[in-house]
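Trainee: I have some labels to check. Can we go through the reasoning behind them?
Mentor: Gladly. Here is the structure.

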Amino acid sequence: MVKREHTDAAVASADRRPPWAGTSVLKMALALVAVAVLVGALKMVHVQHYLLDLVTWIRGAGWAGMVAFAFAYVVATVFFLPGSILTLGGGFAYGIGLGTVLVWVAANVGATLAFLLGRTIARDWIATRVAGMPRFAAVDRAVGREGLKIVLLTRLSPIFPFNVLNYAFGITRVSLRDYVLGSLVGMLPGTVMYVYLGSLITSVSELAAGRTSGGAVQQAFYFGGLVATVAVTLYVTRVARRALADATQEHEERDDEGAGDSVPLGGVARNDGAGRGDAPLAKEQIAQSGTPAAPLVLPDDAYNRTLVAHVHPRGWANPTPRGRYNLVVIGGGTAGLVSAAGAAGLGAKVALIERHLMGGDCLNVGCVPSKALIAAARAAADARGAGALGVQVGDVRVDFPAVMARMRRLRAEIAPHDGVERFKALGIDVFLGEGRFTSPGTVDVDGRHLDFARAVIATGGRATAPPIIGLEKVGYLTNETLFSLTTLPRRLAIIGAGPIGCEMAQTFRRFGSEVTLFESATHVLPREDADAAAIVERRLDAEGIRLVRCGHITRAERRAGEVILQCETGSAHELLACDAILLSAGRTPNVDGLGLDTAGVAYDRQGVTVNDYLQTTNPQIYAAGDVASRYQFTHMADALARIVLQNALFLGRKKASALHVPWCTYTSPEIAHVGLYEQEAVAAGHEVDTITIPMAEVDRAILDGDTEGFFRVHLVKGSDRILGATLVAAHAGDMISEVTAAMATGRGLGALAGVIHPYPTTAEVVKKAADAYNRSRLTPRVKTLFTKWLALRRRSFV
């Protein structure tokens, strides 16, 4: 078996040899014939004296002649003119010593210029020229790992066209340093041989003119040197050709072996919020099993089929890579889509890789479906509470299948904005499949090699399963599976009372589920302002949600068709029966299987390591979104992607730390926040003044019956500079942007007092806080001065 594999590899290697691979001997023979023909022609037309006069003129020009010759050689190299004629001419004019130095330097300067042109403005044209060269494709794969070695071997081997190779290397992954060093060393043997041939022509001309002093001895010397030079060059090039074949064959075998073993990358990211999906790609299932693929999104109804047709069409054919990309984006969630669309809109050549569904979490299993459910739940709650406003609506019943169908319909309607066809129309090469870094400057996806100047990792994250005994066996829901439900769970246990846990607890309770919410901390939303969290906690309790604080689930098991959870609360032990479990206790960044070690990108359990410019430990690669940020929000992923565009493509120095980040938890009431909490501000060394305005003091909140809440703003002591703010109110997320805008533009709270707010609106709470700050500036001393001034004004006629 092993022998058969090696035999097959050898046969394959032989079959892959291009037709010109065995023509190096023929080339050398033709060079010798050319010398003989030229000598004969010189004798027949009697032009020896013209050539000798030309040689004399060039040699007599001194340094100017050398500069002119070198310039001509560089121009010829850049413009694809035959270099062998000039190489022979170098020997003809300057002899073996000086001619070799002059040709060698000029050839390498021209080759370097061609390389740089191939890497920049001529990239697309060169990529087209070499697209049909299978030997070059093999070299490209090998050069990604051993650039200097491959450049050296190709320069020693004459099977590659010199001028084309100069440009072609520009679209490979080899560094400029390796290219220059490999060319300097590898081109020397061939240069010496051709220059020697040129010097021989000069000597033969002198012999033909009867101006030799060595006679037969000198002729023997010249031709003996010719034979020795050709023999040595043939030997070196043959060795180089074999070594090159071995190197490229080795890397091809590595690629073949790795294709079956590599862990997927790329599309990993569904949005920057969620995880690498477990659903396999349809085409992969068909290819491997020969059976129809399972639906990518459940349930398999018309709405979800429309969704999939946009975000992962089954018949999608990945494009052929178009040379080197300005930007390769891994992950088709918010950060990835914004990066790709923004770069393409600015004129960059962009590739986008997505493993699962375009649009990421936000579209498929995050913001979009969750807010559709929240809207339905709020409508039910408003209907039930309408009696307080004098409106009687009778019994309120939630049709859960209809709610979910509406969500799927709306999601499918939004999908084209994040769909494959839209991004293709933007000029982006969209690759659906698993990607993986194969070097610091390349990514492989679906058997294709993508070379990039810059890359963005936007692979998002996924829900974390806590270490509970039996949890995997009984099964559970996450944000990735929750929105596939078609039947309302009668009893729902939610582990984790963060934003998602609280939102879904309130939503499913309003739908009619019995909900138990577990939190290991002393209160829900432990990262929020404690007073704000307390308001939400009271509302959840009032709506019938059972809260288990400081609770730790130790075991899950299935008994008689129901799930039993064992919970410890302090010294108490309790058993809880439920029908479904929803996990919302944290997230894990998607960093596995990306080839980050190969790419030189550092990472840990928190995600990809980036600096303040979102640059990873590989300066060519950036990261944005949940995979590299503690702020795991769609709008933050968008903002970070915009920083990446400035820094990666335009040498920008935009800092992520300069952003003012707002967020919102969409419970009733909502909690919105921006900037620092009071304890964070104090820890940062600030002395803080805090202003709090209860919503009960806002007329519109009173009229709407939404008086439970407040607006709290933290200021640098003695000034109106805003450090942070929290707003608890209906539609707080819509109102917090006023404060965010003030912080981003350097405006203080006092400036917001001059902003006219429509009356009556709940947004007036911000103006009330600004007025409260301005009143605080009216100190007793200032008030005394104003009193005296106004008294003077009463006595004055002016």
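**Strand pairing and cysteines**

Mentor: Start with β11 and strand β12, residues 562–569, which pair in the antiparallel sense over eight bridges. Keep in mind that this is a predicted model.

Trainee: What makes β11 and β12 a pair?
Mentor: Pairing needs at least two bridges. β11 and β12 have eight bridges, antiparallel. Within this pairing, Gly551 stands opposite Thr569 in β12.

Trainee: In which order do the three strands of the open sheet run?
Mentor: The order is β11-β12-β13, and the pairing is antiparallel.

Trainee: Why are β11 and β13 said to stand at the edges?
Mentor: β11 (551–559) and β13 (572–578) each have a single partner strand, so one side of each lacks a neighbour in the sheet. From one strand to the next, the twist averages 25°.

Trainee: Now the cysteines. How many disulfides are counted?
Mentor: Zero. Cys362 is in no disulfide, and its nearest cysteine sulfur, that of Cys367, is 3.1 Å away.

Trainee: Why is the sulfur of Cys367 not bonded to that of Cys362?
Mentor: A disulfide requires sulfur atoms within 2.5 Å. The closest cysteine sulfur to that of Cys367 is in Cys362, at 3.1 Å, so it is too far for a bond.

Trainee: Does Cys362 count as buried or exposed, and why?
Mentor: Buried means under 20% relative accessible area. Cys362 has 15% relative accessibility, so Cys362 counts as buried.

Trainee: And what makes Cys367 partly exposed?
Mentor: Partly exposed lies between buried, under 20%, and exposed, over 50%. Cys367 has 29% relative accessibility, so the label for Cys367 is partly exposed.

Technical notes
Residues are numbered from 1 along each chain as its sequence is written. This is a predicted model: local features need pLDDT of at least 70, side-chain atom pairs count only at pLDDT 80 or more; totals for chains, interfaces and linings use all residues. Side-chain values use heavy atoms; hydrogens and water are left out. Helices (H or I, at least four residues) and strands (E, at least two) are DSSP runs, numbered from the N terminus. Axes are lines fitted to C-alpha atoms, for helices over the stretch in contact, and angles run from 0 to 180 degrees between N-to-C directions. Buried means under 20% relative accessible area, exposed over 50%, partly exposed in between (1.4 Å probe, protein chains only).
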